[in-house]
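Please walk through this model from its metal site outward to the overall fold.

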Amino acid sequence: MRRLLLAAALSAALCGPAFAQATDVEALAATVDAKVQAWRRDIHQHPELGNRETRTAALVAEHLRALGLEDVRTGIATTGVTAVLRGGKPGPRIAIRADMDALPVTERSGLPFESKATATFRGETVGVMHACGHDAHTGILMGVAEALASMKAELPGEVLFVFQPAEEGPPDGEEGGAEEMLAQGIFDAFKPEAVFGLHVFSTLNAGQVGWRSGPLMAASDRFNIVVKGRQTHGSRPWGGVDPIVAAADIIDTSQTIVSRRQNISKLPVVVSFGAIKGGIRYNIIPDEVELIGTIRTFDEGMRQAVFADLKNVAEKVAAAHGATVVAQVPDTKGNPVTVNHPGLTARVLPSLEKAVGARNVVEMDLTMGAEDFSFYANEVPGFFFFVGATPAGQDALKAPSNHSPEFFLDEQALKVGTRAMLQVALDYLHIE
Ligand SMILES: [Zn+2]
Ligand SMILES: [Zn+2]
């Protein structure tokens with residue numbers, strides 16, 4: 001190690017700055033590992049739903065202030081926190097983002113720091129759990145902030161730390177998440193030239209990181225279609241307009257949107273119906289049927305085309321049955337596609353390989369799940385990567401997935417995530 005540092009120092013003297021090479025990232029990460037573990041366990045035991053992350057946000061803000069970071073802002077998009085680390089040397093501006101919200105899931109992990117928290121969600125009392133691992137993301141970014149702050153004097157450039165609420169979506173009737181953080185001007189006050197984020201993931205083993213250039217995670221949109229007929233006796237269907245048969249026909253014809261109308265050789269598309277609600281009694285044809293579902297796409301053009309197609313199918317098929325339709329496609333603003341900027345990805349990949357070893361860096365398939373990191377990556381070049389959470393030696397594809405009450409994070413993932421993000425940040429800041 002000493003010889004390596006000497007060589008790096010020499011190359012720095014000969015060829016200009018060799019900042020990241022001269023920094024022992026593994027040793028730097030190790031200085032915060034125990035704290036990251038403690039923060040994550042504490043946050044895990046005290047999970048909070050989207051837009052309700054007051055305790056977590058206070059913990060984060062107190063830490064960032066104690067580190068002496070500048071412009072510590074709180075209460076952004078309800079509970080969001082940002083802060084800036086200004087290095088002692090000139091260099092680029094980057095942003096690193098973590099999310100802080102938990103899910104309405106009752107934990108069944110059996111961990112000593114298992115969550116017993118409950119909250120009210122859509123009028124019901126529910127268990128609350130960090131079933132998506134955002135506790136890990138928050139702990140890791142607190143650690144990354146501390147490690148980078150410890151080398152402030154020699155750090156080139158500036159880092160914006162973004163801790164956002166409600167990645168899983170705000171409560172009904174509220175704004176929240178990445179889009180709202182941006183709407184409240186976090187990139188106006190500090191415009192980064194690149195933004196980075198990570199997510200712990202059950203389908204990779206601890207020790208591994210996953211990446212993909214270009215589209216990585218799907219755009220996710222909800223739809224709501226209400227088919228309106230005219231109620232009548234089940235024995236006299238000709239006396240009314242049957243919305244059940246019309247709805248069935250809409251569901252059936254909708255299958256051709258993916259199979260016949262989209263160029264799925266380019267990128268995949270999914271249209272799924274998640275609920276059908278209508279009717280009350282065996283011999284009454286009801287007035288209306290409600291259909292709700294989700295659309296997943298990887299390209300903005302395809303996304304808009306599927307919206308138009310589904311609306312068209314709903315309206316025209318309903319009309320053929322003499323029914324009418326109110327088709328909200330989409331019914332709320334969804335998450336756009338999460339795209340890893342190809343140039344940035346190529347530049348960052350060697351950092352991941354340095355951090356965890358090339359054999360532990362896995363190129364991912366497209367992920368049909370969505371992320372609101374996409375909003376940041378639509379503003380400036382972004383890179384989002386996955387950190388394996390399932391213990392080494394276990395079949396990661398069979399492990400309880402993110403959002404499961406049995407979702408389990410091997411704490412090795414905390415070390416890997418911290419080290420990888422530090423390496424990515426330091427390498428990026430070094431290269432002019
Ligand atoms: Zn999630
Ligand atoms: Zn998540």
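**From the metal site to the fold**

Glu 168 is partly exposed, with a relative accessible area of 29%. The model is a predicted one, and this residue is a convenient place to enter it. Together with Cys 132 (SG) and His 403 (NE2), Glu 168 (OE) is a protein donor of the zinc ion (ligand 1), and these donors lie 2.0 to 2.2 Å from the metal. Their spacing along the sequence is C-x35-E-x234-H. Cys 132 sits in the loop between β5 (124-127) and α6 (134-149), while Glu 168 sits in the loop between β6 (156-164) and α7 (178-183), so the pair ties together parts that are 36 residues apart in sequence.

Cys 132 has a further role in the site's geometry: it coordinates both the zinc ion (ligand 1) and the zinc ion (ligand 2), which are 3.1 Å apart. With a relative accessibility of 8%, Cys 132 counts as buried; for Glu 168 the value is 29%, which makes that residue partly exposed.

Next comes the nonpolar interior. The largest nonpolar core contains 69 residues, and those with the most contacts inside it are Leu 148, Phe 161, Phe 163, Phe 196 and Leu 352. The largest share of this core comes from α13, which supplies 11 residues. A second core lies apart from it, with 31 residues, including Ala 218, Phe 298, Met 302 and Phe 307.

Helix α13 spans residues 412-430, 19 residues in all. From its first C-alpha to its last it reaches 27 Å, close to the 27 Å expected at 1.5 Å a residue. The helix is mostly covered, with 17 of its 19 residues buried. Phe 196 gives a view of the packing: leaving aside residues up to four places away in sequence, it touches Met 421, Val 424 and Tyr 428, among others. Its other contacts include Ile 94, Ile 96, Leu 344, Val 348, Phe 373 and Phe 383.

At the level of the whole protein chain, there are 13 helices and 18 strands. The radius of gyration is 24 Å, close to the 22 Å that the globule rule gives for 432 residues, so the chain is as compact as a globular protein of that length. The C-alpha trace spans about 90 × 45 × 45 Å along its principal axes. Buried residues make up 54% of the chain. Of the contacts with a separation of 6 or more, 81% are between residues 24 or more positions apart.

Finally, confidence. The protein chain averages a pLDDT of 94, and 94% of the residues score at least 70. Over residues 1-18, however, the pLDDT is below 50, and this stretch has 11 contacts in the model beyond near neighbours in sequence.

Notes:
Residues are numbered from 1 along each chain as its sequence is written. Chains are lettered from A and ligands numbered from 1 in the order in which they are written. This is a predicted model: local features need pLDDT of at least 70, side-chain atom pairs count only at pLDDT 80 or more; totals for chains, interfaces and linings use all residues. Side-chain values use heavy atoms; hydrogens and water are left out. Donors are N, O and S atoms within 2.8 Å of the metal (3.2 Å for Na, K and Ca); water is not among the atoms, so sites may look incomplete. Helices (H or I, at least four residues) and strands (E, at least two) are DSSP runs, numbered from the N terminus. Buried means under 20% relative accessible area, exposed over 50%, partly exposed in between (1.4 Å probe, protein chains only). The expected span of a helix is 1.5 Å times one less than its number of residues. A nonpolar core is a set of buried Ala, Val, Leu, Ile, Met, Phe, Trp, Tyr and Cys residues joined through side-chain atoms within 4.5 Å. Contact means heavy atoms within 4.5 Å. pLDDT is the predictor's confidence in each residue, from 0 to 100. The radius of gyration is taken over C-alpha atoms; the globule rule is 2.2 Å times the number of residues to the power 0.38.
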